[in-house]
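Here are some exercises to work through with the structure open beside you. Try each task before reading its solution.

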Amino acid sequence: NTELNNLVVSKTILHPQKNTTGHDHVGQEEVYHFISGEGYMKLGDETIMVREGSIVLIPDGAFHKVWNTSTIEDLVFVCIFDGKRNH
């Protein structure tokens, strides 16, 4: 995203049986929109099943991590948040 000054939009393609490193954003809220595939997301102390069409709202400072549980299909999601990426 080089067009907007403050809004960050990024797409992640998480290959089968892979996961993100997990992180938090102090001072930033975030939205994850899952485009295809399935898996689960750790959000604070909660574990959420995600699949195509799932939208997860991540509160300011909440730890989050995503796992692709498929053995054959990518898990694709878009992240949206205000501010500069800090991870």
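**Exercise 1. Find what Gly-22 touches beyond its sequence neighbours, and decide whether Gly-22 is buried or exposed.**

Solution. Start with the contacts: leaving aside neighbours within four places in sequence, Gly-22 meets Phe-63, His-64 and Lys-65. Next, place the residue: Gly-22 lies in the loop between S1 and S2. Now take its relative accessible area, 16%. Buried means under 20%, so Gly-22 is buried. Finally, look across to Lys-42: the two residues are 20 apart in sequence, and their C-alpha atoms are 8.5 Å apart in space.

**Exercise 2. Work out how far you can trust the model, and where confidence is lowest and highest.**

Solution. Keep in mind that this is a predicted model. The protein chain has an average pLDDT of 91, and 93% of its residues score at least 70. Then compare the elements: strand S1 (residues 7-14) is lowest, with a mean of 92, while strand S6 (residues 64-68) is highest, at 98.

**Exercise 3. Describe the overall build of the protein chain: how many helices and strands are there?**

Solution. First count the elements: 0 helices and 7 strands. Along the sequence this reads β-β-β-β-β-β-β. Next, consider the dimensions: along the principal axes, the C-alpha atoms fill a box of roughly 35 × 30 × 20 Å. Now test for compactness: a compact globule of 87 residues would have a radius of gyration near 12 Å, and the protein chain has 13 Å, which agrees. Then turn to contacts between residues at least 6 apart in sequence: 71% of these join residues at least 24 apart. Lastly, 38% of the 87 residues count as buried, and the accessible surface comes to about 5,400 Å², with 51% of it belonging to carbon and sulfur atoms.

**Exercise 4. Locate the largest nonpolar core and say which strand gives the most to it.**

Solution. This core has 14 residues, and those with the most contacts inside it are Tyr-32, Phe-34, Met-41, Val-56, Ile-58, Val-66 and Phe-77. At least two core residues come from each of S2 (30-36), S3 (38-43), S4 (46-51), S5 (55-58) and S7 (75-82). The strand that gives the most is S7, with 3 residues.

**Exercise 5. Follow Val-56 and its strand: which face of S5 is covered?**

Solution. Begin with a general rule: in a regular strand, side chains alternate between the two faces of the sheet. In S5, Val-56 and Ile-58 make up the covered face, whereas Ile-55 and Leu-57 make up the uncovered one. Next, see how S5 is paired: S2 and S5 run antiparallel to each other, over 4 bridges. One link between these strands is Tyr-32, whose bridge partner in S5 is Val-56. Val-56 also has contacts beyond four places in sequence, among them Phe-34, Met-41, Leu-43, Ile-48 and Val-50.

**Exercise 6. Examine Pro-16 and Gln-17: what is the phi of Gln-17?**

Solution. Both Pro-16 and Gln-17 sit in the loop between S1 and S2. Most residues other than glycine have a negative phi. Gln-17 has a positive phi of about 65 degrees although it is not a glycine. As for Pro-16, its relative accessible area of 22% makes it partly exposed. Not counting residues up to four places away, Pro-16 touches Asn-68, Ser-70, Thr-71, Ile-72, Glu-73 and Asp-74. Pro-16 and Trp-67 are 51 residues apart in sequence, with 8.8 Å between their C-alpha atoms.

Technical notes
Residues numbered from 1 in each chain as written. Predicted model: local features only at pLDDT ≥ 70, side-chain atom pairs only at ≥ 80, totals over all residues. Heavy atoms only, no water. Core = buried A, V, L, I, M, F, W, Y, C linked by side-chain atoms within 4.5 Å. Buried < 20%, exposed > 50% of the residue type's maximum accessible area, 1.4 Å probe, protein only. Contact = heavy atoms within 4.5 Å. pLDDT = per-residue confidence, 0-100. Pairing = 2+ DSSP bridges. Rg over C-alpha atoms; globule rule 2.2 N^0.38 Å. Areas by Shrake-Rupley, 256 points an atom, 1.4 Å probe, with all protein chains shown as cover.
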